[in-house]
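Please work through the exercises below with the sequence and the model at hand. Each task is followed by a worked solution.

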Amino acid sequence: MKTVLIIDDDADCRRVLAAVLSHEGWQVFHAANGDEGIEMARLHRPSVVLCDLLMPRVNGFKVCQE
């Protein structure tokens, strides 16, 4: 199954992306911040990660480094 992890501090953005992707057959995981996103990525090993670059504390650039 195709899996995607959405990491974004904007809840509306996460909700809309999750709705569209799940409608297209993706299993969607989501995280509200970079720390949570890194943990979710390690736990679920998604096929694709969609990550906001401009988040407080752990931004998308730091997530990509991990």
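The exercises treat one helix and then the salt bridges.

The model is predicted, so local features need pLDDT of at least 70 and side-chain atom pairs count only at pLDDT 80 or more, while totals for chains, interfaces and linings use all residues. Residues are numbered from 1 along each chain as its sequence is written, and side-chain values use heavy atoms, with hydrogens and water left out.

**Exercise 1.** Determine which residues of helix H2 are buried and what they pack against.

*Solution.*
Step 1. Helices (H or I, at least four residues) and strands (E, at least two) are DSSP runs numbered from the N terminus; H2 covers residues 34-44.
Step 2. Apply the accessibility classes: buried is under 20% relative accessible area, exposed is over 50%, and partly exposed is in between (1.4 Å probe, protein chains only). Gly 34, Gly 37, Ile 38 and Met 40 are buried.
Step 3. Viewed down the axis of H2, these buried residues fall within an arc of 165°, so they line one face of the helix. The arc is that of the directions from the helix axis to the C-beta atoms.
Step 4. On the other side of H2, Glu 39, Arg 42 and Leu 43 are exposed.
Step 5. With contact taken as heavy atoms within 4.5 Å, the buried residues of H2 pack against strand S1 (3-7), strand S2 (27-31) and helix H3 (60-65).

**Exercise 2.** Identify the residue that caps the N-terminal end of H2, and state the phi of Arg 45.

*Solution.*
Step 1. The cap is Asn 33, with a side-chain oxygen 3.2 Å from the backbone nitrogen of Asp 35.
Step 2. Just after H2, Arg 45 takes a positive phi of about 50°.

**Exercise 3.** How many salt bridges are there, and where do the partners of Arg 57 and Arg 42 lie?

*Solution.*
Step 1. A salt bridge is a side-chain nitrogen of Lys or Arg within 4 Å of a carboxyl oxygen of Asp or Glu; the count is 3.
Step 2. Arg 15 and Asp 12 form one of them, at 3.6 Å from N to O. Being 3 residues apart in helix H1 (residues 11-23), they are separated by about one helical turn.
Step 3. Arg 57 and Asp 35 meet at 2.3 Å, N to O. This pair links distant parts of the chain, 22 residues apart: Arg 57 is in the loop between S3 and H3, and Asp 35 is in helix H2.
Step 4. Arg 42 pairs with Glu 66, their closest N and O atoms being 2.8 Å apart. Here too distant parts of the chain are linked, with Arg 42 in helix H2 and Glu 66 in the segment after H3, 24 residues apart. Both Arg 42 and Glu 66 are exposed.

Terms used:
Polar contact = N/O pair within 3.5 Å; in protein donor to acceptor, adjacent residues only side chain to side chain.
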